[in-house]
Structures are given as structure tokens and as C-alpha cells.
Amino acid sequence: MPADAHETLILPPPLRRVLPAARWERVTRGESGAGVWRSQRFVVKVQGRGNLQFPSSLQQERERLRYFTGRVPVPRVVAYEVEGGLEYLAMTRVPGLDAAHPDVLFHPDRLVSLLARALRELHALPLRECPFNMSLPVALARARERVAAGVVDESDFDDERQGRTAVSVFNELARTRPAQEDLVVAHGDACLPNFIVNGEFIDGLIDVGRAGIADRHADLALTHRSLGRNLNPEYAEQFLDLYGRDVVDPQKLAYYRLLDELF
Ligand SMILES: Nc1ncnc2c1ncn2[C@@H]1O[C@H](COP(=O)(O)OP(=O)(O)OP(=O)(O)O)[C@@H](O)[C@H]1O
Ligand SMILES: [Mg+2]
């Protein structure tokens with residue numbers, strides 16, 4: 001096998017029929033054949049099917065993209081296929097840059113205000129129309145499955161938790177579970193690379209495989225942490241101010257950061 005075999009995107013025939021011929025550039029790298037590729041107009045995600053290592057399947061991502069269409073800005077689904085143990089999800093490429101790009105981070109005040117507004121809008125969607133339940137009973141059950149399957153990367157824990165085990169994190173989550181959930185339609189992985197900024201707007205929420213009804217802090221915790229890392233803690237706090245301090249609970253921010261360690 002040539003050394004670059006995994007560098008080339010080999011599309012299953014049904015996808016080749018709907019996607020125009022293009023030069024595919026690799027955006028992220030997964031194991032054997034998995035990853036994200038983009039052309040000028042399209043993005044194709046590929047991952048192993050039924051592999052617990054992935055926090056969500058591409059089929060789940062497709063369902064959520066469909067639900068979000070017409071409600072919040074998301075890419076349009078072009079095709080979904082399963083072949084040779086791999087899932088393929090093709091969607092339109094949203095023009096712009098993801099929010100972790102240096103050119104976007106160069107305008108931090110604008111970015112923080114765009115993110116606060118985008119999450120406010122998302123979290124204002126009516127719960128009764130959202131078919132996906134990602135509340136704590138569901139999230140903790142999935143977390144338990146991942147811990148049991150041994151797919152949690154303990155070396156990737158936040159600094160303050162280095163050296164701990166996935167089991168001990170899970171036990172802490174079970175012990176300190178908040179009594180009440182402030183439920184909204186949540187993105188589920190609201191870190192900066194998952195927002196596409198185009199000029200003055202957020203034109204794309206992407207990577208929505210874990211979206212669904214959950215506590216608003218599931219999103220606030222990850223955006224807050226991501227801003228702290230990509231910019232600084234002051235901008236992270238400014239984001240919470242703009243989103244609305246009245247609904248922010250610092251203990252829940254910590255809780256949902258902890259939960260994210262298992263995904
Ligand atoms: N539809 C899209 N339009 C524009 N850019 C996209 C789109 N989908 C993905 N990207 C770009 O590719 C990056 C990775 O895509 P995505 O977030 O969906 O994959 P991922 O599962 O997070 O991958 P990884 O976990 O390996 O980072 C995004 O951060 C973004 O820069
Ligand atoms: Mg992503």
C-alpha cells in the first residue's frame with residue numbers, strides 16, 4: 001500500500017455521483033480512513049461505524065443537521081453513506097473561518113459578542129420541537145458506557161485532573177449531579193472550532209452530533225473554557241456577561257467541564 005493511501009479521500013460510488021469532482025484537502029486526521037476533508041464547496045466527514053471511540057455517529061450528526069435546518073444556520077446535508085465499516089457524511093462547506101482561526105481571534109470583542117448571540121438564539125428554540133434528549137440521565141448513561149468500554153482518553157484530561165482515572169471522574173459526576181437542569185436546545189460541543197464566522201455573522205454551527213435537549217451550561221462551560229484557552233479568561237467572562245449572568249451558575253460550569261472529560 002502506498003505511504004499516502006490514507007491521505008486520499010476515496011468516496012463510495014453513491015457519493016461520487018452526487019459530489020462534483022474536486023480536489024479534497026484534509027482538515028483533520030482520524031485513524032485509518034477517518035477524518036474531515038473539504039473542497040471549495042463541500043465537506044466530507046468519515047469515521048468508523050459503531051465505534052464507541054467517537055462521541056457521536058455521523059448518522060446522529062446528519063439527523064441533527066436536518067432538524068436544525070431552517071432554525072439556526074447549519075451546513076446543508078448532501079449525502080450520507082455507509083461502506084466498508086465507515087460512515088460518510090457530505091455537507092456544504094460554510095464560507096468563512098472557524099472561530100479558533102487567528103484572523104477571527106484577532107477581533108475578540110466581536111467574536112465574544114457573536115458567540116453570546118448565537119448561543120442565546122440556539123437556546124431560545126422551542127424544546128417541544130427538538131427530538132433529541134441529551135439531558136443528564138442520557139449523558140451520564142453514555143458516559144458510563146464509554147468508561148466501561150475503556151475509550152476515554154485520560155491523558156487528555158484538563159491539567160487540574162491529570163493523573164485521575166475515568167472511573168473516578170464518573171464517580172464524582174454521579175456524586176455531585178445538579179438537582180435541577182435548566183433545559184434548552186444545546187449544541188453539545190460548543191468549542192470555538194465548531195462555529196464558522198463569516199464577516200459579521202456566525203453562519204454555521206457545525207459538528208452537531210451531540211446536540212439536543214440539555215442544560216444550557218453544557219454549552220456555556222465549553223465555550224467559556226474554549227475562549228479562556230484561545231483568548232484569555234477576561235474574554236471568557238465577558239462572554240458570560242453578554243450571554244446573561246442571571247442564568248449562569250459557576251458550579252454548573254465546573255460540572256459540565258468535568259462531564260466533557262468523558263467524551
Ligand atoms: N460544513 C463545514 N463548513 C466549513 N468548515 C467546516 C465544515 N465542517 C467542518 N469544517 C471545518 O473542519 C473542522 C473539523 O470539522 P468537525 O468539527 O465537524 O470535525 P471534528 O469531528 O471536530 O473533527 P476532530 O474531532 O478531528 O477535530 C472544523 O473545525 C472546521 O474548521
Ligand atoms: Mg469539531
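## Where the ligand sits

Ligand 1 has a shell that takes in both parts of the protein: at least three residues come from domain 1 (5-92), and at least three from domain 2 (97-260). Keep in mind as you read that this is a predicted model.

So what does that shell look like? In total, 16 residues surround ligand 1, and the closest are Lys 45, Val 94, Asp 98, Pro 193 and Asp 207. Sorted by character, the shell has 9 nonpolar, 3 polar and 4 charged residues. Three strands, β1 (25-29), β3 (42-48) and β5 (86-92), each put at least two residues into the shell.

## Polar contacts and burial

Here are some atom pairs to look at on ligand 1. A nitrogen atom of the ligand sits 2.8 Å from a polar backbone atom of Val 94. On the side-chain front, Asp 98 has a polar atom 2.7 Å from a ligand oxygen, and Thr 28 places a side-chain N or O atom 3.3 Å from an oxygen atom of the ligand.

How much of ligand 1 does the protein bury? Taken alone, the ligand exposes 610 Å², and 76% of that is buried by the protein.

## The five-stranded sheet

Now for the strands. Five of them make an open, antiparallel sheet, running in the order β1-β2-β3-β5-β4. At the edges are β1 and β4 (77-83), each of which pairs on one side only. From one strand to the next, the twist averages 15°.

Starting from the β1 edge, this strand pairs with β2 (residues 35-38) through 4 bridges, in the antiparallel sense. One residue to pick out is Thr 28, whose bridge partner in β2 is Val 36. Thr 28 is also the residue with a side-chain N or O atom 3.3 Å from a ligand oxygen.

At the other edge, β4 and β5 are joined by 6 bridges, again antiparallel. Val 82 has Glu 87 in β5 as its bridge partner. These two strands form a hairpin with 2 residues between them, and Gly 84 in the turn has a positive phi of about 55°. Of this pair, β5 is one of the strands that supply at least two residues to the ligand shell.

## The three-stranded sheet

There is also an open sheet of 3 strands, ordered β6-β8-β9 and paired antiparallel. Its edge strands are β6 (97-98) and β9 (201-205), and each pairs on one side only.

Which strand does β6 pair with? That would be β8 (residues 195-198), which β6 meets through 2 bridges, with the two running antiparallel. Within this pairing, Leu 97 has Val 197 as its bridge partner in β8. Strand β6 spans 97-98, and Asp 98 is the residue with a polar side-chain atom 2.7 Å from an oxygen atom of ligand 1. Asp 98 is also listed among the closest residues to the ligand.

Conventions
Residues numbered from 1 in each chain as written. Chains lettered and ligands numbered in written order. Predicted model: local features only at pLDDT ≥ 70, side-chain atom pairs only at ≥ 80, totals over all residues. Heavy atoms only, no water. Pairing = 2+ DSSP bridges. Near = heavy atom within 4 Å. Polar contact = N/O pair within 3.5 Å; in protein donor to acceptor, adjacent residues only side chain to side chain. Areas by Shrake-Rupley, 256 points an atom, 1.4 Å probe, with all protein chains shown as cover. Nonpolar A, V, L, I, M, F, W, Y, C, P; charged D, E, K, R; others polar. Domains from an automatic or database assignment. Axes fitted to C-alpha atoms, helices over the stretch in contact; angles between N-to-C directions.
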